[in-house]
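Ready for some practice in reading a protein model? Take your time with each exercise, and try it yourself before you look at the solution.

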Amino acid sequence: MPFKVVATRILPPEAQARLEAQKYNLVQWTQDTVMPREELLKQVQGADALICLLADRIDEELLDAAGPQLKVVATMSVGFDHVDVHALRARNIPLGYTPDVLTDATADLTVLLTLAAARRFKEGMAAATNGEWGAWRPTWLCGSQFSGKTLGVVGMGRIGEAVAKRLKPFGVSRILYWGRSEKPELQKTLGAQFKASLDDLLKESDYVIVCCALTPETKEMFNYAAFSKMKRSAVFVNTARGGIVQQDDLTRALEEKLIASAGLDVTTPEPLAPSHKLYQLPNCVILPHIASATFETRERMAHMCIDNVSAALSNQPMPYKL
């Protein structure tokens, strides 16, 4: 009897063709929407493997519905805060994920958001389309440039380092970073300086870019007090996780001009309701969590999921296991 594999979404074309070519009993949600919870709980019954996304909550209820034969959960993501890891471990079910594949795509988009927030793209695009574009004015829509400025990276992992490498050629004069530990090699390669105090980084940086993981320690670490420590000309960018920011405090900081602008690829919740106040602010650029949205990256992520499922169902070591 073929293994039953449940996938909560259609995969990118090449990976989808590969998945369909496997001799699995494939059950897949074919609409380009989140698989309804009730449907997932129904279809996962008797499954040997589950391929899921960030929007799918993997918890005790789902694992109970699946049954004891479930051999693997493979999430098409680097993050796994949607998964009850302890529940999986208690049942000896391995979790596959997609590490080390999002770095370039996420770093590229982080630079884009930083530029957009610093150079007032949102206001400029609106001016061009609503008729506000008139005679040239010396200070109209002026933003800030990178040359001679200080970059502060919160969380200098692979993505944080890739962002710093991309921004250095723009003329950034200082690179500061804060994280769990100092990385002496970054002093040689980037001239980056470790800040043991996050407050010092916030006070000295012209651009504050969040690249750290969401943990109990980092949850809502960017609150009103943190924004109050930043320069009033500071640009704040978050492409990590929405939960790292106290969103109401960010709204207040932007309204009160405690900071100049913000660029967000992540929010709380996701999706963020179109009526949310942040969308109305001219100095806040919001994207719908698309940092990894390149064809190359998404195909690779999907293939990694299939690799994990194939290995687990063959009683082989999973190549991308948490």
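The exercises below deal with a predicted model, and each one is followed by a worked solution.

**Exercise 1. Unusual backbone angles**

Find the cis peptide bonds that end at Pro269 and Pro271, and say where these prolines lie.

*Solution.*
Step 1. Start from what is usual: most residues other than glycine have a negative phi, and most peptide bonds are trans.
Step 2. Check the bond from Thr268 to Pro269: its omega is near 0°, and the bond is cis.
Step 3. Go on to the bond from Glu270 to Pro271, which is also cis, with omega near -5°.
Step 4. Place them in the chain. Pro269 sits in the loop that runs between β11 (261–264) and α12 (277–280), and Pro271 is in the loop between β11 and α12 as well.

Now look at phi for Arg120 and Glu220, and decide how exposed each residue is.

*Solution.*
Step 1. Arg120 has a phi near 60°, which is positive although the residue is not glycine. Its place is the loop between α5 (103–118) and α6 (121–130).
Step 2. Glu220 also has a positive phi, near 55°, and belongs to the loop between β9 (207–210) and α10 (224–229).
Step 3. Use the cut-offs: buried is under 20% relative accessible area and exposed is over 50%. Arg120 has 27% relative accessibility, so Arg120 is partly exposed. Glu220 has a relative accessible area of 36%, so Glu220 is partly exposed too.

**Exercise 2. One helix, two sides**

Which residues of helix α1 are buried, and which are exposed on the other side?

*Solution.*
Step 1. Pick out the buried residues of α1 (residues 13–21): Ala15, Gln16 and Leu19.
Step 2. Look down the axis of α1. The buried residues fall within an arc of 100°, so they line one face of the helix.
Step 3. Recall the general rule: an α-helix has 3.6 residues a turn, so residues three or four places apart point the same way.
Step 4. Turn to the other side of α1, where Pro13, Glu14 and Ala21 are exposed.

**Exercise 3. Strands side by side**

Work out how β7 is joined to β6 and to β8.

*Solution.*
Step 1. β6 (residues 150–154) and β7 (residues 174–178) run parallel and are joined by five bridges. One example is Thr150, whose bridge partner in β7 is Arg174.
Step 2. Add helix α7 (residues 158–167): together, β6, α7 and β7 form a right-handed β-α-β unit.
Step 3. On to β8 (residues 192–194), which is parallel to β7 and joined to β7 by three bridges. Here Leu176 has Gln193 in β8 as its bridge partner.

**Exercise 4. Empty space**

Describe the largest cavity and the second largest pocket by volume and lining.

*Solution.*
Step 1. Rolling a probe the size of a water molecule over the atoms shows where empty space is left.
Step 2. The search finds one cavity of 30 Å³ or more, and the largest cavity has a volume of about 30 Å³.
Step 3. Its lining residues include Asn238, Val245, Leu264 and Leu278. Sorted by class, the lining has five nonpolar, four polar and no charged residues.
Step 4. The second largest pocket has a volume of about 280 Å³. Of its 23 lining residues, Arg120, Glu123, Ala260, Ser261 and Asn283 are the closest to its centre.
Step 5. Sort this pocket's lining by class: 13 nonpolar, five polar and five charged residues.

Definitions and conventions. Residues are numbered from 1 along each chain as its sequence is written. This is a predicted model: local features need pLDDT of at least 70, side-chain atom pairs count only at pLDDT 80 or more; totals for chains, interfaces and linings use all residues. Side-chain values use heavy atoms; hydrogens and water are left out. Helices (H or I, at least four residues) and strands (E, at least two) are DSSP runs, numbered from the N terminus. Buried means under 20% relative accessible area, exposed over 50%, partly exposed in between (1.4 Å probe, protein chains only). On a 1 Å grid over the protein atoms alone, a cavity is a set of points where a 1.4 Å probe fits but cannot get out, and a pocket is an open set with protein on both sides within 12 Å along at least five of seven lines; lining residues have an atom within 4 Å of a point. Grid points are joined across faces, edges and corners, and a volume is the space filled by probe spheres set on the points. Ala, Val, Leu, Ile, Met, Phe, Trp, Tyr, Cys and Pro count as nonpolar, Asp, Glu, Lys and Arg as charged, and the others, Gly among them, as polar. Two strands pair if DSSP finds at least two bridges between them. A crossover is right-handed if, with the strands pointing away from the viewer, the path from the first strand over the helix to the second runs clockwise. The arc is that of the directions from the helix axis to the C-beta atoms.
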